[in-house]
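Visitor: Could you take me through one part of this model in detail, and then show me how the rest of the chain is arranged?

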Amino acid sequence: MNENSCSFQNEKELRDGEVESVSAPPCDKDSSALLAFRGIPISELKNHGILRALTTEANGWEPGAVSTEVLRAQEEWEAVESIQPDTGSQARSDQPGQLISFGEALQHFQTVDLSSFKKRIQPTIRRTGLAALRHRLFGPPKLHQGLREERDLVLTIAQCGLDSQDPMHGRVLQTIYKKLTGSKFDCALLGDHWEDLGFQGANPATDLRGAGFLALLHLLYLVMDSKTLLMAQEILRLSRHHIQQFPFCLMSVNITRIAIQALREECLSRECNRRQQVIPVVNSFYAATFLRLAHVWRTQHKTISDSGFVLKDLEMWAKKSPRRLLKTLEIYLAGVSKGQASLLGAQKCSGPQAPPSKDLTFTGVCDLPPPSSKGTWLI
């Protein structure tokens with residue numbers, strides 16, 4: 001290569017009509033030619049013909065037709081130029097695929113207009129006659145006036161359905177899926193993968209009857225805390241037992257229904273008044289009831305055919321002894337912190353795990369027929 005071959009001049013006009021020339025100093029060394037286009041973006045090289053001049057002068061080679069592979073590679077290189085470096089700033093909160101916390105989801109409901117849903121709620125059970133008198137004399141205390149707005153918010157969220165067009169709703173579903181499965185990738189909001197987690201069909205919205213979006217918030221609460229996440233994963237493994245399998249998410253929805261009833265019947269009022277909070281108490285009651293169900297399910301060898309009766313007995317026991325139930329959860333979570341707790345007993349759930357069956361017949365608390373003379377299991 002001689003010195004004349006190291007002097008370059010632009011052969012084409014730029015798209016905006018301006019002409020740009022590029023020249024290089026004499027080439028004392030082979031590598032000095034790179035100085036001529038070191039500051040030129042890759043996407044502009046095609047406008048200067050520099051690479052073509054280099055290869056033509058050096059090797060006497062004339063390029064032929066440009067292949068589709070080359071064009072595609074060129075587009076990829078040009079796309080690289082448009083990527084901005086990470087500045088360390090936080091991603092937008094509404095960015096698709098980003099996990100959402102329970103607090104952020106709750107704040108969404110605290111700020112949007114829920115007046116149309118609030119009209120539907122019945123905060124407490126209406127009692128008449130002797131039932132009202134007995135409740136007044138021997139029942140739990142009434143919820144403090146200052147906590148009733150928070151209670152009404154919980155019941156209002158239970159009236160809201162799943163809206164696939166709401167980005168926040170989608171993020172809640174994505175977070176639940178990723179936390180339970182360990183996946184780092186987004187999933188479709190509709191599909192058979194929801195049946196793998198224990199919904200009855202491809203659309204989770206169809207299983208929220210009687211609990212509304214509160215059922216999804218409870219699942220979100222369960223998976224976004226590191227200690228309760230371990231509990232959720234153990235229950236999920238139990239739900240896939242080859243004999244004792246049950247639909248995990250559908251069971252969770254039924255636990256949320258029990259929590260709603262306990263709140264409306266004022267079974268949680270004493271604890272709410274003591275803590276001066278409603279939502280944390282309802283969340284803990286939900287988690288504690290799910291924990292109790294898993295223990296009973298495993299130790300008493302329950303199967304899917306027992307689901308309705310187990311849930312009914314569980315509801316009666318939980319509403320009768322909420323403080324005892326919450327204490328059990330506290331003990332369990334303390335054990336999790338020390339790495340000593342397993343809700344499935346001393347021996348973790350063993351045996352092969354079956355894939356979720358679409359033929360399972362699940363009976364929830366809303367589907368159970370009126371009590372008969374046969375009695376029920378004791379929990």
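Guide: Happy to. Let's begin with helix H12, residues 248–264: at 1.5 Å a residue, its 17 residues should span 24 Å, and its end C-alpha atoms lie 25 Å apart, which agrees. Do keep in mind that this is a predicted model. As for its surroundings, 16 of the 17 residues of H12 are buried, so the rest of the structure largely encloses this helix. After H12 comes Glu266, with a positive phi near 65°.

Now for the wider setting of H12. The chain has 16 helices and zero strands. Of its 379 residues, 43% count as buried. Taking contacts between residues at least 6 apart in sequence, 75% join residues at least 24 apart. On the outside, the chain exposes about 21,900 Å², with carbon and sulfur atoms supplying 51% of that area.

There is also some empty space to look at. Rolling a probe the size of a water molecule over the atoms shows where such space is left. Here the structure holds one cavity of 30 Å³ or more, and the largest cavity contains about 60 Å³ of space. Four helices each supply at least two residues of its lining: H4 (102–111), H7 (148–157), H10 (213–224) and H14 (279–299). Among the lining residues you will find Phe102, Leu106, Val154, Ile157, Leu214, His218, Ile279 and Asn283. By class, this lining has eight nonpolar residues, two polar ones and no charged ones.

Note on methods:
Residues are numbered from 1 along each chain as its sequence is written. This is a predicted model: local features need pLDDT of at least 70, side-chain atom pairs count only at pLDDT 80 or more; totals for chains, interfaces and linings use all residues. Side-chain values use heavy atoms; hydrogens and water are left out. On a 1 Å grid over the protein atoms alone, a cavity is a set of points where a 1.4 Å probe fits but cannot get out, and a pocket is an open set with protein on both sides within 12 Å along at least five of seven lines; lining residues have an atom within 4 Å of a point. Grid points are joined across faces, edges and corners, and a volume is the space filled by probe spheres set on the points. Ala, Val, Leu, Ile, Met, Phe, Trp, Tyr, Cys and Pro count as nonpolar, Asp, Glu, Lys and Arg as charged, and the others, Gly among them, as polar. Buried means under 20% relative accessible area, exposed over 50%, partly exposed in between (1.4 Å probe, protein chains only). Contact means heavy atoms within 4.5 Å. Accessible areas come from the Shrake-Rupley method with a 1.4 Å probe; for residues, only the protein chains shown count as cover. The expected span of a helix is 1.5 Å times one less than its number of residues.
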